[in-house]
Amino acid sequence: MYDIIIIGAGVTGCMLAHKLSQYRLKIAVVEAGCDVASGASRANSAIVHAGFDAAVGTLKAKLNVKGCAELPELARQLDVPYKNNTSLVVAFDSEDEETLRKLLERGRSNGVPKLEIIGKEKLRELEPNISPEATAALLAPTAGIICPYDLTIACAENAVVNGAEFFFDSRVDGIECNDGSVTVRAGELELKARFAVNCAGVHSAELARMVDPDYPVDVIPRRGEYMILDKSEGRTCKATLFACPSREGKGILVSPTVDGNIIVGPNAHRVAPDDTSTTAPGLDEISKGARKLVPGINLRAVITSFAGVRPTPTTDDFEIAPSAKAPNFLNLVGVESPGLASSPAVAGYAIEMLAGMGLGLEKRDDYNPFRTHDGHLKKPLRELSDAEKLERCRENPAYGKIICRCETVTEGDILDAIRRPIPARTIDMVKLRTRAGMGRCQGGFCSPRVAELISSELGIPLDEVTKRGGSSVLLFGETK
Ligand SMILES: Cc1cc2nc3c(=O)[nH]c(=O)nc-3n(C[C@H](O)[C@H](O)[C@H](O)COP(=O)(O)OP(=O)(O)OC[C@H]3O[C@@H](n4cnc5c(N)ncnc54)[C@H](O)[C@@H]3O)c2cc1C
């Protein structure tokens, strides 16, 4: 019997697990994918929005501003790279400038600090590569960038260190709520708890209806496509550059990433819930949007493309409330953008609600809020000084063997990822934790070596090592 079962291990579910793990609670997290961040939390713009987009008075607006203020300290505690790079919404004509004034007013009403509209001279001074057609911009000094899957992994690992249990490859297909207990089924797996929380992203409305068939909110899946540029283009811009928002969303952006690449995207098109394919017309659309902001952007330096699916609620707000049919089942439905920026505040709000539903919150004495480099998380070799590198390699020669040449990831770094609290069991799990395969060659050189390391370290036959779980094996059949 658990105290609480969290369904879905995206940033919402993992942040909630992380924050709940400071209390004396037995926590289970059930996830359909083979890793955390299997949904929108893996593929998004990675922007810590300041909080001027959401309508005044909405939960989204309140939790965005709060989450944006909380994230820098949380990122420090969890050793997740975060950068306060600021954001600029760029205007190109008088209609756009009117939109900037509305955003400024809305932002101030939402409580976003230090917002200001700047003219084209200041804009060009800040961003020399911006289009000469740009006329003004809304500057948000509190906006930032963070790695969304790194944050999710960090929250999950810290929750595990503090006692939470994760069940992967477990798609919930049945929920039964009785007085005082919830039974959650995922195939053969059956778990019971006093409370359960639905953090299933684009599938959250489906799960809400497993408990209450009349659940009124729908989630519309809307795909956003992206391209990543090589680090050689890292000087394209310093701030996150947004086009003016439209009814479709925040528009196409050009932004640095915390790892030094440039990200371009997203568009917004309705698709099936898990359709993360990229399309030629979609990539053309985002190329045009990026060139409008930065005409000289070098799109020949694209090293990969990907897509994420937004869980857009029909109410246009985060729907966080207990099920009308079960007082011990909490729904977090339609946590779309700015769900990443808001995640610490969303988790805090959910915890307040759970307390109101009767979940006792007694603090543990042995809670560890940190993910320390000298504990279960070691700094990758590439981040050490020359003297530290030498010492690390002397202690363990595995750190002297480079496996991913593009991102300078060593055998020692990969073995560390395989030995972490949530062990990396697939090539993509190693990639998300070490960056092996994220460089210019996109894993062309290192994937076979990574597969061998997973195979030997975890005792999995080489032809059973997968790229991302399920049937995604790399090797099958025999050659001469
Ligand atoms: C294109 C795009 C751009 C975005 N840009 C930004 C941005 O710049 N800044 C920002 O703040 N936010 C952004 N967002 C929003 C942000 O990504 C989401 O709000 C956030 O990731 C939602 O996290 P989540 O954990 O609620 O959902 P998810 O990350 O989707 O996690 C849900 C999890 O539930 C699992 N699941 C689903 N069904 C079941 C089931 N039946 N049983 C078990 N598990 C299940 C899924 O596998 C998944 O892992 C963007 C989103 C998209 C798609």
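Two strands count as paired when DSSP finds at least two bridges between them. Keep that in mind for the tour. The model on your screen is predicted.

**Stop 1: a small open sheet**

Select K83. Which residue in β8 is its bridge partner? The partner is I145. K83 belongs to β4, which covers residues 82-83. Now show β8, residues 144-146. Two bridges join β4 to β8, and the two strands run antiparallel.

Add β3, residues 47-48. You now have an open sheet of three strands, in the order β3-β8-β4, with antiparallel pairing. Look at the edges. β3 and β4 each have a single partner strand, so one side of each is left without a neighbour in the sheet.

**Stop 2: the whole chain**

Zoom out. The chain has twelve helices and 22 strands. Its C-alpha atoms fill a box of roughly 60 × 60 × 45 Å along the principal axes. How does the radius of gyration agree with that of a compact globule? For 480 residues, such a globule would have a value near 23 Å; the chain has 22 Å, which agrees. Of the 480 residues, 50% count as buried.

**Stop 3: strand β2 and its neighbours**

Select residues 27-30, which form β2. In a regular strand, side chains alternate between the two faces of the sheet. Colour I27 and V29 for one side of β2, then A28 and V30 for the other. Are these four buried or exposed? They are all buried, and both faces of β2 are covered.

Next, show β1, residues 2-7. β1 and β2 run parallel, joined by four bridges. Label two of the facing pairs. I6 stands opposite V29. I5 has A28 as its bridge partner.

How does the chain get from β1 to β2? The path crosses through helix α1, residues 11-20. This β-α-β crossover is right-handed. Trace the path slowly in the viewer.

β2 also pairs with β9, residues 165-167. Three bridges join these strands, and they run parallel. Pick V30 to find a contact point: its bridge partner in β9 is F167.

Return to β1. Five of its six residues are buried, so the strand is mostly covered. β1 pairs with β12 too, in the parallel sense, over five bridges. Here I7 stands opposite N198.

**Stop 4: two hairpins in a row**

Follow the strands that lead to β12. Begin with β10, residues 174-178, and β11, residues 181-186. They run antiparallel, with five bridges between them. N178 is matched with S181 in β11. Two residues lie between the strands of this hairpin, and G180 takes a positive phi near 85°.

Move on to β12, residues 189-198. β11 and β12 run antiparallel and are joined by five bridges. Select R185 and its bridge partner in β12, E190. These two strands form a hairpin as well, with two residues between them. Click G187 in the turn: its positive phi is about 60°.

**Stop 5: the ligand**

Centre the view on the ligand. There are 40 residues around the ligand. Which of them come nearest? They are G10, G39, G201, G224 and G339. Colour the shell by class: 19 residues are nonpolar, 17 are polar and four are charged.

Now highlight α1, β18 (302-313) and α8 (339-357). Each supplies at least two residues of the shell.

Why does the ligand lie between two domains? Colour domain 1, made of 2-41, 149-218 and 315-357, and then domain 2, made of 83-145 and 221-311. Both domains give residues to the shell around the ligand, so it lies between them.

**Stop 6: S87**

Finish with S87, in strand β5, residues 87-91. Is S87 buried or exposed? A residue needs 20 or more C-beta neighbours within 10 Å to count as buried. S87 has 24 inside that distance, so it counts as buried.

Draw a distance from S87 to E206, C-alpha to C-alpha. The two residues are 35 Å apart in space and 119 residues apart in sequence.

Conventions. Residues numbered from 1 in each chain as written. Predicted model: local features only at pLDDT ≥ 70, side-chain atom pairs only at ≥ 80, totals over all residues. Buried ≥ 20, exposed ≤ 12 C-beta atoms within 10 Å, placed from the backbone. Right-handed = clockwise from strand over helix to strand, strands pointing away. Near = placed C-beta within 6 Å. Nonpolar A, V, L, I, M, F, W, Y, C, P; charged D, E, K, R; others polar. Domains from an automatic or database assignment. Rg over C-alpha atoms; globule rule 2.2 N^0.38 Å.
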